[in-house]
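Got the model open in your viewer? Let's take a walk through it together, one selection at a time.

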Amino acid sequence: MGTFITDKLQHLNNDLVQLFHLDAQPPIDIANNNIHHNIGSEANAPGTRRKLVDSSHSNDHHDDTQATIMAGLRASIDSLDLRSSVVPPMERVIVEIERVQGIVGSLEHEEGSKLSQLEHLFLAKCTVVVYLNLLDIILNATLPLSNEIEYWQSLLDGPKWRLLYILQTSPQRLFNLTKEAALSTRAHMDSLIESGLQTSDRTAHIIQLIHYFPTFLKKHLISQPVSFPVAIHYEISGHRKQLQRIREYQAECLGLLAEQGLNLDPEHFEQDPISARSDISELQSRDEQEEGRRGQVEGSSTTQAEKFVLEQISKTVVLMERVLTRASKDAPTLTDQKFAPVALSATRRRNASRSLTVLGNLHGVSNFDCSDMYSHLKDLIQVQIPDYVTQTESQSRQFYRPSWLTRVWIPIVISYFGLKYGIQYISEHRADLDEMLEEGWDTAKRFMLDWIWEPSVRIMNIIRHTDDQGSLQMLGNESLKSDIASLERMVLDFGKEHYQMGSDQLSFLSKAVHNGDISVVMRAYERELKTPLKGAISGNLVQTLLIQIQKTKVDVEVAMAALDKLLKANELNFAFLAVGPSLLLLWAVSSQAKSSWQKFAGKNLGIVSIQMRNSLRQVERLLNLASADVDNHGHGSAMLSRPSAKQIQAQRIPLGDSQAQRSTGNLSEDFSEVDVSSDSIPTTPTEPLSNSLSSALAPLSSEKLQRIRAKQGKVPYRTQGLILCEVHLLRTFARRLTRSEGLRDKVMEDLREIEESSLTVRQRLRTAKRMYRTYGFLGLYH
């Protein structure tokens, strides 16, 4: 189940193991060893041999019958396995009870015997299974109500959703209106026929009603003080309130059963099994007299354990019967009747809540016999629990959201026409759509190749210095050298022709040209400019101009070579800038698709954190309200008035008989405020202690019991049940968390502390605040 019921199953199984010493005892060899070994040990005793020989035939028959019964009990006990995390079904309990009843029958057995021990263990397991299954039924019946309440709340919060709700339910409303109008018209026509009017008079009367219909419609429908949207709002709010009342009542039943239900903790058992076993081990080394005393102590311990178990399961069965009976009686008062006064309905609901509080008083409940326990358990499984489930479902289902067909008929109609016109459009534009698909595929393919794959490959080639084709160089490697060499030859030829320079002067001029100095040509150009016409026709003006043009070309190529070096140095950066936007776009699309898929699959931690935060907020709200009640009752002036000593009359139990006649045992802590002092208890042995406590607690009202619980730091049963429901939702959400670093286990451990009723309200509040501080997905606590 994965809820607090699983934890209760483990605790109750461990308690049974400790009470019946199942971990310390060897497996019972029913058929051969143990029984015959006991018979043999008794036969070896002096003075008993002749007696055993005389009654051997009757003893053998009795032992065989007892061995068969014990074998059947052991098989039924083993079939109700409580060691797993799944509670056995109640149908199996019915089968095993009928089998055990057929085996045991009316056979009488002594208290403390092996047969009695096995029968009490079987009854305890049956009660555990029925009790935990009832808790699971109530819990599972409460959880769907939360979903329905959220649905109606969403309609109240959103006007658009209310409009959609009106559209969804409009066909049903029109059908109901038409049906009522038809029934009313038919009844009116029948009354006219029975009145004895003539046919013409009836026709005139009907025509008059038809003419009066618009006026009637305006008067009774359109002119109503409450408009149709307001009426819809009231309807939605009413459904939500009705479900809220049912949920709170079921949560109160759950809290009462979970807190006051079955408790087999050996700490409430006066005879400590561990000390009993230690005492027995010390007596093993003594003589026959000490051996006899050891048998008496061991039998007394077993008898007291059986009485303790029988008392606890009897109280639990009585509590379950009380709760189910009260739930069946209070069910009609939980919802507003159609014509019941509001004040009367509210009073009935308050009385129902108070009656549940009083049901927790289990003092004075008498123990059932084993045969009575079988009948009570069968009645719970076959009658009371199925009736409760049927009544609860029928009561709450009338306030559920509209049916599936009512909610989906609009999308179905829209989808029908959409598909119709969509298929028609596709058939008419088949070629265009094929072309669009091909273009889309080609675009996506080119995008992946030209803007992602090839730039990525180019980056790798740049890094490896193998990218010759994709280089950003604007000039060839030999272009600048050839232009400089051409300029040098032009300047040297000009120097030889006009200045008759020698080899030394020509080598100096070559170095000057390499450094960009052509002053020789520039001086000749300046002289020619003085007579430009003559220089252009018969001078050197044209030659000097051409040399300067070559010089300008070389300068441009030098600048371009510097730019090539700059681009070469940043070529990797440009390559990353080219592929960066494409990769960013691809990452954004893939991230959005992944996020959408995670939201659709429900595995997104953000969704889990929002859901857990909402449920944890509701838990903290419930604890805060309970904390306010604790403060008011703990420090206010209205303190609980304890019953006087005259109201408590009980038998003073001698110290020596305290183990043999143990009192009610697991007394509820809710009634520990009652003053039961030893001086006020009379010594008259006419009335048992359990009955006296019951009579003392009888005048306590539900308000006083609630103040007792508040003073002890406990929450009301309704609050406890609601907390259990919210923590169950938190457990469901926590299953989606990761197991890394023990996150899920830590969250589960904190949730167990919050749902633990033995802790005070302040301790549970501190646990909730610790969860806010510890887990980042819940948000920091401020």
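**First stop: a pair one turn apart**

Select Lys551, which counts as buried at 13% relative accessibility (buried is under 20% relative accessible area, exposed is over 50%, and partly exposed is in between, with a 1.4 Å probe and protein chains only). Now add Asp555: Asp555 is partly exposed, at 39% relative accessible area. Lys551 and Asp555 form a salt bridge, with their closest N and O atoms 2.8 Å apart (that is, a side-chain nitrogen of Lys or Arg within 4 Å of a carboxyl oxygen of Asp or Glu). The two sit four residues apart in helix H20, separated by about one helical turn. Helices (H or I, at least four residues) and strands (E, at least two) are DSSP runs, numbered from the N terminus.

A word on what you're looking at: this is a predicted model, where local features need pLDDT of at least 70 and side-chain atom pairs count only at pLDDT 80 or more, while totals for chains, interfaces and linings use all residues. Residues are numbered from 1 along each chain as its sequence is written, and side-chain values use heavy atoms, with hydrogens and water left out.

**More salt bridges**

Stay around H20 and pick Lys553, then Asp483: this pair also makes a salt bridge, with the closest N and O atoms 3.7 Å apart. Asp483 belongs to helix H16 (residues 479-499) and Lys553 to helix H20 (residues 541-569), so the bridge ties together parts that are 70 residues apart in sequence. Which of the two is buried? Asp483, at 10% relative accessibility; Lys553 is partly exposed at 40%.

Next, jump to Arg770 and Asp750, whose salt bridge has its closest N and O atoms 2.8 Å apart. Arg770 is in helix H27 (residues 761-774) and Asp750 in helix H26 (residues 743-755), so here the linked parts are 20 residues apart in sequence. Asp750 is buried at 6% relative accessible area, while Arg770 is partly exposed at 28%.

Then select Asp7, Arg731, Arg752 and Glu755 together: these four are linked in a network of salt bridges. The structure holds 18 salt bridges, if you'd like to hunt for others.

**Into the core**

Switch to Phe122, Val130, Leu132, Leu135 and Leu257. They have the most contacts inside the largest nonpolar core, a set of 73 residues (a nonpolar core is made of buried Ala, Val, Leu, Ile, Met, Phe, Trp, Tyr and Cys residues joined through side-chain atoms within 4.5 Å). Elements giving two or more residues to this core include helix H1 (4-19), helix H6 (114-157) and helix H25 (717-734). H6 supplies the largest share, 17 residues.

Zoom in on Phe122: among the residues it touches are Leu73, Ile77, Val100 and Tyr374, leaving out those up to four places away in sequence (contact means heavy atoms within 4.5 Å). There's also a second, separate core of 28 residues, including Ala626, Ile723, Val747 and Leu778.

**Zoom out**

Color by secondary structure and you'll find 27 helices and zero strands in the chain. Of its 782 residues, 36% count as buried. Among contacts in the chain with a separation of 6 or more, 82% are between residues 24 or more positions apart.
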